[in-house]
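The following exercises invite the reader to examine a structure step by step. Each task is followed by a worked solution.

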Number of protein chains: 2
Amino acid sequence: MSRRGADPAVSRREAQEALGAGFFRSRWVEPPDGVEELEPARLAPGFRAAGAACGLKGGGRTDVGLVACDADEVNSALLLTRNAAAAAPVRVCRDECDAGSIRAAVVNSGNANAATGARGYRDAVAMRDGAAEALGIEPRAVAVAETGTIGVPLPLGDVLRGVADAHAALSPAGGADFARSIMTTDRGPKLCTLELDGVTVSAQAKGAGMTEPGFATMLCFVQTDAVVTDPEATLRAAVAPSFERITVDGQMSTNDTVLLQANGGSGRELRPELLDAVLLQLALEIVADGEGAKRVGRAEVTEAATPEEAERVARAIANSPLVQTALAGGDPNWGRIAQAAGMALAGERLPELGAEHIDAAGLGSDEPEAELSLRLGRGESSAHVYFSDLTCEYVRLNAEYTT
Amino acid sequence: MSRRGADPAVSRREAQEALGAGFFRSRWVEPPDGVEELEPARLAPGFRAAGAACGLKGGGRTDVGLVACDADEVNSALLLTRNAAAAAPVRVCRDECDAGSIRAAVVNSGNANAATGARGYRDAVAMRDGAAEALGIEPRAVAVAETGTIGVPLPLGDVLRGVADAHAALSPAGGADFARSIMTTDRGPKLCTLELDGVTVSAQAKGAGMTEPGFATMLCFVQTDAVVTDPEATLRAAVAPSFERITVDGQMSTNDTVLLQANGGSGRELRPELLDAVLLQLALEIVADGEGAKRVGRAEVTEAATPEEAERVARAIANSPLVQTALAGGDPNWGRIAQAAGMALAGERLPELGAEHIDAAGLGSDEPEAELSLRLGRGESSAHVYFSDLTCEYVRLNAEYTT
């Protein structure tokens, strides 16, 4: 059980009262002492962003986003999906960008530009080049990300007009516009701006389905004026306990991208616990906003033989549609937890699992963030995974989502 | 594409007219030439069966089944789930039965007797022993199988009364009563009796959820008067292309059991294609009866580097909730097929997948049995998996299923 697991009576309301009703809404996130929330639309100093509408999503919704660092010097890190059918923008980032010195990112929502062949690759390069030209910077300093339907050619002319519009609208207070411009089935934008010890971090994310990051996840953009000397190590360390610990439907996306940009303007170091808390809260917002989701679960496995075994079992539980529907139905059905664990360890023989090894009371509670745990009795390793419940709304959304 | 895949215009009605409206309803099953359907309630000669109600399922529904071979001599094979949290009856079968000479099987539905600890094991042994005593045969010649809710102690006295009632009702025409007594969330009983070349095969199966057999599947009982000299090899060969090729929700059960019994009474060999066709049709009935399912898909992967790779990709496609909801919604969303394949091969780089590699037209059709295919362009291996669609009804059933 987690730190707060010993007190199952903490309701969401009580937790919110304890934590304040701001960005850090989850019971599973520990905000660093002294952190201050700033206006979330305002980016970290030295960054500007904007969103524009080019017609990909229709209804006048914004669907092209741009975020840029004013300074020439920026340290950055870029984590990309491991999906073997990675989208064109992911391959462009992998092959034609300087991941360590990304000044700007250009993003569209509504079209994933995945499984679009050689044309898709050329379109992603053109989108990237269009942003670089507007900004007057090197193309290799611009990352490109796209999200939406797979297998549809990009209407490049529309997107390039959107890039120009977004460039014209760039603003230090454009974080909220940018966050909205990258949404697909998200119920709302996911963003924050926080200050701690003279360092500001702003971040925007999107994601609601096709979510089981294999490395990074969905789309997330983080800007800071902190000094970050090894951005890749810093970002990997913060992604491991956050985006790599969530699942909505067990489906690794073709387009996952996380970008961290640090311009060093504050002259101070980034405190790791701040980035950890920001990414974990954003990851949990993606789970809570899972397609059709009403509740979030945290599956913890303890006493596993190895960390890998603990993680394998925790993922099997979190991805079981039977556990996910039990969470939706408020059903403390611990037998399904035993079944999923046994499936993950197929071919071995577990010590006889029984009710005394499993705490599924959270499933049966009305808490929006529910905990469950399984004690394997095989060793000393543990792992946990956050997941969303499976509801009819998920089925409806995905049975009707336009191809 | 399969044998009939080149002709996508074959509707279920046309297929039924072509095949007759009998047991072999699936377009994917080739009944052996000359096979004759007998009254399905009538077992293969030399076998008797029955069902009785002991209150596990309530509403007077039968929930204890018994099937027995009259002769002392019987060759049998028993395939059991590989789930590491296997149920008590599976462990009893594994440890305390003579798998090669099983004369009878006793079954209950409504209680899986899984994750029930030492008491569950004793209860499964007692159930087995009760059947053996009533039949006057060795306990080690009786298999025990159970299916239903996990984690609930068995009301042993009720079950033993049910066993006595079923024993009293044993009949050569008891196949349908037996098939009904093993149902849980199944919409109807699954059974057949067939004759070919002087050999009779009767079979009964159940299954609708928690279905991705790791070895055997759910419950299936097969009786024949054929001579079967190596029943385990015979059964494994027939299970590989049938029960091991289906999924409803990717969830390996704690209780999967398949039993083949051959008494040799006909003096003739069993033709493998008959057992193949019977098990494949029953496996497809389990998929078609998947919890909430309206349609069945067949995901075929060709041009994979190895058979293992082909199977891994086919399973990833078949188990993707995004592909399953596309099947439910009649949405030819081939991008989700590319995404699932890329996830199965995470960390590698696929040749650029595009529409020309994927045939998803079946998803968008109104056929109850839909085909989809993916050409990987990496080698010469192929594999296929049958799966059911994911509907709101699956969610409703599993969110409400009593613990």
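**Exercise 1: A strand and its partners**

Gln223(B) stands opposite Gln261(B) in strand S11(B). The model in which this pairing appears is a predicted one.

Task: Determine which strands pair with S9(B), and in which sense S8(B) does so.

Solution. Step one: consider strand S8 of chain B, residues 199–206, which pairs with S9(B) in the antiparallel sense over six bridges. Within this pairing, Ser202(B) has Gln223(B) of S9(B) as its bridge partner. Step two: consider S11 of chain B, residues 257–262, which runs parallel to S9(B) and is joined to it by six bridges. Gln223(B) thus has a partner in S8(B) and another in S11(B).

**Exercise 2: The surroundings of the strand**

Task: Establish why S9(B) is described as largely enclosed by the rest of the structure.

Solution. Step one: in a regular strand, side chains alternate between the two faces of the sheet. Step two: Leu219(B), Phe221(B) and Gln223(B) point one way from S9(B), while Cys220(B), Val222(B) and Thr224(B) point the other way. Step three: six of the six residues of S9(B), residues 219–224, are buried, and the strand is therefore largely enclosed by the rest of the structure.

**Exercise 3: Positive phi values**

Task: State where Ala115(A) is found, and decide whether it counts as buried or exposed.

Solution. Step one: most residues other than glycine have a negative phi. Step two: phi of Ala115(A) is near 55 degrees, a positive value. This residue is found in the loop between strand S5 (104–111) and helix H3 (117–135) of chain A. Step three: the cut-off for a buried residue is 20 or more other C-beta atoms within 10 Å. Ala115(A) has 29 C-beta neighbours inside 10 Å and so counts as buried.

In chain B, Asn113(B) has a positive phi near 45 degrees and lies in the loop between S5 (104–111) and H3. Asn113(B) is buried, because 33 other C-beta atoms lie within 10 Å.

**Exercise 4: The contact between the chains**

Task: Describe the side of chain B that touches chain A, and name the helix that gives its largest share.

Solution. Step one: the contact takes 55 residues from chain B and 55 residues from chain A. Step two: helices H3 (117–135), H9 (321–329), H10 (334–344) and H12 (392–400) of chain B each supply at least two residues of this side of chain B. Step three: H10(B) provides the largest share, eight residues. By type, the residues of this side divide into 26 nonpolar, 20 polar and nine charged.

Methods
Residues numbered from 1 in each chain as written. Chains lettered and ligands numbered in written order. Predicted model: local features only at pLDDT ≥ 70, side-chain atom pairs only at ≥ 80, totals over all residues. Contact = placed C-beta atoms within 7 Å. Helix = DSSP H or I, 4+ residues; strand = E, 2+ residues; numbered from the N terminus. Nonpolar A, V, L, I, M, F, W, Y, C, P; charged D, E, K, R; others polar. Buried ≥ 20, exposed ≤ 12 C-beta atoms within 10 Å, placed from the backbone. Pairing = 2+ DSSP bridges.
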